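Okay, thanks for coming, everyone. I'll put one structure up and walk through how its parts meet, then stop at a few residues. Have a look at it first.

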Amino acid sequence: MTRPLIISDCDEVLLHMVAPFKDWLGASRGVDFHLEGHNFAEALRWQESGELLAPPDIWRMLREFFDTEMDSQAPIAGAVEGINTLAEKADVVILTNLTDHHRDARAQQLAKVGINARVFTNQGPKGPALKAIIDEYAPSRALFIDDLAQHHASVAEITPQVTRLHLCGEPMIAHAIDCAHQAGHAEARIDRWDEALPWLLERLEN
């Protein structure tokens, strides 16, 4: 009998990312981060000129952050306890949109805060990568947790049998991102782990 499987994102689900990224940009890169709408590409501006960063500069900043600043990412409230409680009843893996050479660093980063889980890296929509994980584990049931609506849409299209929870634990951006539940691509939107954990446990056990 196979176990259930939890496939969880990391940034803004388990660990804060935008908050330390914003602090690092302002302190060392001369960049202000302010997300007003849904478009991340319009949130970064050079402090000196007020001009938006070009996409290549945004990607360069993100690469530099993950190369040098991952230790600045603190856990989302309740995330460590929540994911480890789930791990008592299910296999847990992390599906994170980072380049492959960051995989080991992400696993070590999570282990330092008390989350020991296999890490899968991915670029682009997560549906194909999640399907490959499902094919490997062949779980009795599977639950997907992510903070971005587009990944829920991708998973819903390719593996509709997977239960999907939209969770964004970063208040700085939670209000500004599209809601996968409203779009019909997730069964629920819950942004706090103390509320999400009972919901997830219920779906694991029933």
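Let me start with a single loop residue, Ala138. With a relative accessible area of 44%, Ala138 is partly exposed, because that value falls between the 20% and 50% cut-offs. Ala138 sits in the loop between helix 5 (127–137) and strand 6. What catches my eye is the backbone: phi of Ala138 is positive, about 45 degrees, although the residue is not a glycine. Keep in mind that this is a predicted model.

There's another residue of that sort, Glu12. Here phi is near 75 degrees, again a positive value in a residue other than glycine. Glu12 belongs to the loop between strand 1 (5–8) and helix 1 (18–29). So is Glu12 buried or exposed? Its relative accessibility is 3%, so Glu12 counts as buried.

Okay, zooming out to the domains. The domain assignment splits the protein into domain 1, made of 4–16 plus 74–205, and domain 2, which is 18–72. Their C-alpha centres lie 24 Å apart. At the boundary, 18 residues of domain 1 are in contact with 14 residues of domain 2.

How much area is buried between domain 1 and domain 2? It's about 1,300 Å², and carbon and sulfur atoms give 60% of that. Three residues stand out on the domain 1 side: His102, Met172 and Ala176 supply 35% of the area that domain 1 buries against domain 2, more than any other three residues.

Now the polar side of that interface. The count of salt bridges between domain 1 and domain 2 is one. If you want a salt bridge to click on, try Asp71 with Lys112, where the closest N and O atoms are 3.4 Å apart. Across the interface there are also five residue pairs in polar contact, with both residues at pLDDT 80 or more.

As for which elements do the touching, helix 4 (103–112) and helix 7 (171–174) each bring at least two residues to the side of domain 1 that touches domain 2. Helix 4 gives the most there, with four residues. Sorted by class, that side of domain 1 has seven nonpolar, five polar and six charged residues.

Next stop, Thr121, in strand 5 (residues 118–121). Thr121 has 12% relative accessibility, so it counts as buried. Which side chains does the Thr121 side chain meet in polar contacts? One is Asp100, with a side-chain polar contact of 2.7 Å. Another is Arg103, where the side chains make a polar contact at 3.1 Å. Leaving out residues up to four places away in sequence, Thr121 touches Thr96, Leu98, Thr99, Asp100 and Arg103.

Last one, Asp146. You'll find Asp146 in strand 6 (residues 142–146). Its relative accessibility is 0%, so Asp146 counts as buried. What surrounds Asp146, not counting residues up to four places away in sequence? Asp146 touches Asp9, Val13, Lys126, His151, His152, Leu165, His166 and Leu167. And if you'd like a distance to check in your viewer, Asp146 and Glu36 are 110 residues apart in sequence and 21 Å apart in space, C-alpha to C-alpha.

That's my tour. Happy to rotate the view if anyone wants another look.

Definitions and conventions. Residues are numbered from 1 along each chain as its sequence is written. This is a predicted model: local features need pLDDT of at least 70, side-chain atom pairs count only at pLDDT 80 or more; totals for chains, interfaces and linings use all residues. Side-chain values use heavy atoms; hydrogens and water are left out. Domain bounds come from an automatic or database domain assignment. Contact means heavy atoms within 4.5 Å. Buried area is the accessible area (1.4 Å probe) that two parts lose on being put together, summed over both. A salt bridge is a side-chain nitrogen of Lys or Arg within 4 Å of a carboxyl oxygen of Asp or Glu. A polar contact is a pair of N or O atoms within 3.5 Å; within protein, one must be able to donate a hydrogen and the other to accept it, and residues adjacent in sequence count only if both atoms are side-chain atoms. Ala, Val, Leu, Ile, Met, Phe, Trp, Tyr, Cys and Pro count as nonpolar, Asp, Glu, Lys and Arg as charged, and the others, Gly among them, as polar. Buried means under 20% relative accessible area, exposed over 50%, partly exposed in between (1.4 Å probe, protein chains only).
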